[in-house]
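Please open the model in your viewer and keep the sequence panel beside it. This tour says what to select at each stop and what is to be found there.

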Amino acid sequence: MPPPKPPPKNAAAPLPDYKTIAAQWAAAKRAKEVADADRLRKGSSSTSDDATAAAAAAKSDITQEQERMTARERTRARLESGRRRGYQSRWAWTAAFWAWLLCVHAVGIAYFTSGFLLTRLVLEEKSVCAAPPAALGGAVGEGVDGDGGLLPAWPGKGTMEGGCWHPRTFDRAVVVVIDALRYDFAVPVEDDEAFHNAFPFLWETAVREPNRAFLRPFIADPPTTTLQRLKGLTTGTLPTFVDLGSSFSGTAIDEDNLLMQFKDAGKKIVHLGDDTWEALFPGYFEGNLSRAYDSFNVWDLHTVDNGVIEHIFPAMEKRNDWDVLIGHCLGVDHAGHRYGPNHPEMTKKLRQMDGFIRDLADTMDDKTVLIVMGDHGMDSKGDHGGESEDEVEAALWMYSPKGIFGRTKPEYATPPATAKTRPVNQIDLVPTLAMLMGIPIPFNNLGRPIEEAFAGAAGNSWANLAAAERTAAAGIKRYQSSYFTARGIEQTSGPGSPNELWNRAESLISKGKKQDWEAIFSAFAAYQEENLQICKGLWARFDLKNMAIGIAVMALGVIALLVYISKGVDDDAIDDEELDLAEKSLELQGVKPDASETPSDSLERRLISAALLGATPGFLGGVISSFVSGAGDWYRGSGIAALTSIGAVLVSMYELQETITNIFPRTAWGWMAVVFTVSQSIGFASNSYTIWEDSILLFFITTFGFVSALSALKIPSKADRYLAIYHSVVFALLGRVASFSKLCREEQMPYCTSTYYASSTTSTSAPWQLIIPFLVSVILPSILKAYLQPTRSYEGLAPAWIGYVFRTGLFMAALYWVLDAADNGNWIPGLPDKTLKNISVYTAQMVLGLALVAGTTAFVWAPPCVSIVTSASPSEPTRAQVAILGYANAHGARYLLLPLNLLAACILLSKPMGAGALGLMAWQILALLEILDLNNLTTSPIGPVMLAVLGTFHFFKTGHQAVLSTIQWDAAFIPLFTIRYPWSPLILAAAAVPLLVLWKAGPRRRGVLEAVSRALGVFVAYFAVESLATMAWAGHLRRHLMLYRVFGPRFMVAAVVLLVVDVVGIVVSLMGVFGWPE
Amino acid sequence: MPLVEPITMSTTLAKGAAAQAQAQAAFSKTAPVFPATTLRPVQIRSTPLAQTARHALPALLAVLFGARFRALVADPVSAMATALPLVAALQVTYAVLCLPAPGSTQGGGGGARKAQKPRPGESIKRRSADAGAPNAVATSLLSLVLSLLVSPFLYAAMILFGAPFLTHSAHTFLCAAHLAVLALFPLFFVHGVDGSAWAVVGSFGAPLDETFGGLLGGVVGAWLGAVPIPLDWDREWQRWPVTILCGLYGGYILGRVVGGTLVWGKSF
């Protein structure tokens, strides 16, 4: 995506534009002189007889003239190369400044994130069979071997064979995880949705044979990603939001967990399916029977499932070779990701699962328990990750022919109709399975036993239930006291506290024979419930120190950036030919321009040295202090280094007369930019404004169009005035048109209708939407042409590139989406399986090659979009007249090719609706450029800020929301089969920043680098302020109910966007003006 | 006539000259800014009746709005529709009583240049200051018609700002009509259809007075009125377009009063 930068050694090879023009100009001039001389000779030869002498004289004149010119050319070339070197060094310092800023942002974000993403202390302790948390049995008051337990002693008590902490029920367990099996997929629902009533087996058995099977809603703790869920399902604890240490490098679980207990008990575990298990539990599984499959390819619906089904039945035959068999099917989840739930593929998948579980249940014997469950649900689009109801509501079904399952109340006989009734927590599976299989409950477990599994066939084994509940509760109590000791926190013991609940439950156990088992059971259950609540609150424990450091780094970084962009610019924006000439002649006479002439050279250079100087003591100080204190947090050095570095930069800028007060805007437009940025940042404190951000951005866009249309009334030239009004109206109108492309987030319901996909329960495009990319390919190049033609800039490479290559690229992208739809919808039934897929991938790869590889090459080698036309002068027909077409917008037109290439790539990677939005965005950018130019606003901060607003607006219009589950994962599947998430509109906006400076700036525009760097500064400042605001609000509202639904995701989006914009700014925008003429 | 490009509507001429002129204008800050028209602030008539009315009428508007607020929340369309004639009558009264008679030199409604430009109502008006009243009524009625003719454009602008596109048309349209009658009507009364005067007003070049202050206040108020809409407070009054109308009335009354008193005659 970043264009391969023109390597420095090649910098001289593509002639910079001004040189091309100069060379062509010189050639034309020489031609004219020769013509003049010819004319002179002709005139003299006719009258005089010493014509030959005159001719000779003229010839020698010409030779002399030519020699003089070559000498001058040489001086000129020397001067130019000197200038270029100067420019490149300034470029390097500017790039270094931006790299420094990127580091500051990265450090700030990393710090805040490390404190914000919840952490939980992982305890090393493991449960062992011989050390039960509570006395087991014989029962209280039973006499001789009564040791305070609730159950009579059972044979093999305290051993793996008889059951460590509870009488063992099963020898073997088969656990089948059907990824994303939402509860409503498994229960009868009276409608015709594709995802309903396709998997009836679970419900049927639970109703028909209640002693052999039960079905209950299975509530996941967010985050609802498979990795986090598997952790929860095996350890019985609550995984924190993003486990930094585990999800980035080593994923293996080292906490006590079910599989570890099985392994330590000498049981053999077989695993089939999703390879996430292999990553979490390396070396746990029997090599000869286990098969792991790649879980990464979300577009592949069948490989994993077919693999599981193929291998699980042979394994069932060899049941002496294993004790625990885990199968993990991914097809349902992948169907959801690819098509959304409401798709025939989903029906097929669910039917396949139905048949599979039917067959599997037939192979069960009395010693084996079969557990089928979803690890999470899916939202209406088939995605997951967040904590909406659809995402957390999975299904749990347990089956055994032994017939030991019971219901404590008759009304529980039918499984709940919805997931709102009688749900169990996913962590409850851990103690349940552990006690059924007779192994110790993992040390960290917070769950409680599931009622049906211990209630007995008649549903009245209250003693058994109470004993199981008490054992689990005692485990929790033991874990809690270790945890509190490790963290150094006092446990409370007031009324309603877990301690008090525990004591109350214990006191219910009477010494006499008659026990009120039901009351004991409820009392321990109450203890477990309260404890779980406390843990949920406890693990929302933020590291405030790190959060504060992160916010401080970001805030100071924003101030430094604001001071940097507020340095005066209006003096270098004018192209003054006289000044230029005078300067050049001074240079020709050998006068060195004095040092103050290039102030920004010293500025960026000074800033970088200040930054490095400032960073060193901070870094050393941080490292040394952590070394001395022995805290081991040596990384704190980077945070302190960032702070001192910014401090040094600020001091250095202050020394250069860059006072802080300069950062306040001086014009109404500047204030408008501030109002847009700041009001939105304040709005992030409210969940409503965060949810409705897309509408608010539209409001801002229209406001800008409205005000610029009014302001255009002041333009003196009538034509320009109407033009400016026209572009303002177009700008606002296109924004409103784009606003019809919507992908609503859950919180926007019911006031929002999604249009991005064919319907609200699928993620495929409607057939009519396939037309949009074709329209874009037809219309967009013509619009570009129309914007280039007024300045006669549709010259040079532009007609060929925009009119043919770009258009072809867009057309092929449109074609790709048709092929994709044909493949998904199986439009051509006769074709072999992968034909369409292969064709479409090749098409996509060609478009990307065309846009990125060929496009960048073309951009690097492109001459300016000008034509030199030599024609006869109307007044003097013999004299040649040289006209340069496209002079007025020579640079803008050329630079435009670079964002266009990115645009073609981005359009390919967006769904058809997104292609339309991106096309509108490109048009809006051009209208914005015209508005800024006509209103003389090219140096105002409003330009970059509006570009940033446009980028963010179209982020929402290309089917994204600031929600974890709406990330357009499949965008990355198009060309390469790997996951990458393109932030297309923002990349496009960042790449368009130099256009603000270059559009309609003639070749003599000076200070391009400074102006581009400043515009980029304003652009990045918008995102830096947003990111700072979301960060501060997320930190402030860390106990808010909506933290993980609204504020957290928005912060993460803002942080990633800021880094993306920083990188694109350096890699594309700055690189695009590398080797620029000065 | 240079060719006009259909997409950009731009002529094929390079805009060098204009850009140069602009650059120059920006360079030398003292250069006069086009349009050179300068408007003088509107002075309210000095008759006791006018002076009473200028304070009483905004108060009356506020009272009317306050009284009808419940009805507005309950049924915006019918409340706005029934209130519109009443508001229009108040505005006409205001124009006739308080605003300088069109064409009169007293107070200089249209400023120095209005003598050359005929305005609506001028054809039926004898150019004498004392015969203001009947002309003023005619002018105000004509201005009212003009304001209502402009409201479809305000309606379109509201759609652009994000108002519902296909639903709630009556709501949006009535809201636009209220905006026109409140904020635009006095300006139509004072400036008629004088394009250059409107250009000065539109580009924020006019001096502050009751008419321009009212326009600014009304527009900014209506703009700010959109702010509470997204909040999830589930209140009845968050219904479209109640908040816009609140902002419009509040802003208009405030702008008109402040523009006529505290900041009178100042310009941006």
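A residue is called buried here if 20 or more other C-beta atoms lie within 10 Å of its own, exposed if 12 or fewer do, and partly exposed in between, with the C-beta atoms placed from the backbone. This is a predicted model, in which local features need pLDDT of at least 70 and side-chain atom pairs count only at pLDDT 80 or more, while totals for chains, interfaces and linings use all residues. Residues are numbered from 1 along each chain as its sequence is written, and chains are lettered from A and ligands numbered from 1 in the order in which they are written.

**First stop: a covered strand.** Select β6 (368-373) of chain A, where a strand is a DSSP run of E with at least two residues and a helix is a run of H or I with at least four, both numbered from the N terminus. Six of the six residues of β6(A) are buried. On one side of β6(A) look for A:T368, A:L370 and A:V372, and on the other for A:V369, A:I371 and A:M373, all of them buried, so that both faces are covered.

**Second stop: the sheet around it.** Now add the neighbouring strands, remembering that two strands pair if DSSP finds at least two bridges between them. β1(A) runs parallel to β6(A), joined to it by six bridges, and A:V176 stands opposite A:V372 in β6(A). β7(A) runs antiparallel to β6(A), with four bridges between them, and the bridge partner of A:M373 is A:L396 in β7(A).

Widen the selection to the whole open sheet, in which eight strands of chain A follow the order β4-β3-β5-β1-β6-β7-β2-β8 with mixed pairing. Because β4 (291-293) and β8 (424-425) of chain A each have a single partner strand, they stand at the edges, and one side of each is left without a neighbour in the sheet. At the β8(A) edge, two bridges join that strand in parallel to β2 (residues 213-219) of chain A, and A:F218 has A:V424 as its bridge partner.

**Third stop: a helix across the sheet.** Select helix α11 (residues 344-362) of chain A, which lies across β1, β5, β6 and β7 of chain A and runs at about 170 degrees to β6(A). Such angles run from 0 to 180 degrees between N-to-C directions, and the axes are lines fitted to C-alpha atoms, for helices over the stretch in contact. Two residues are in contact if their C-beta atoms, placed from the backbone, lie within 7 Å.

**Fourth stop: two loop residues.** In the loop between β7 and β8 of chain A, find A:R422, which has a positive phi of about 45 degrees although it is not a glycine. A:R422 counts as partly exposed because it has 13 C-beta neighbours inside 10 Å. Go next to A:R792, in the loop between α26 (771-788) and α27 (798-825) of chain A, where phi is near 55 degrees, again positive in a residue other than glycine. Is A:R792 buried or exposed? A:R792 is buried, because 22 other C-beta atoms lie within 10 Å.

**Last stop: chain B.** Select helix α7 (residues 210-225) of chain B, whose end C-alpha atoms are 21 Å apart, in agreement with the 22 Å that its 16 residues should span at 1.5 Å a residue; this expected span is 1.5 Å times one less than the number of residues. In α7(B), 13 of the 16 residues are buried. Finish in the loop between α7 and α8 (242-260) of chain B, where B:P241 is found, and look at the peptide bond from B:W240 to B:P241, which is cis with omega near -10 degrees.
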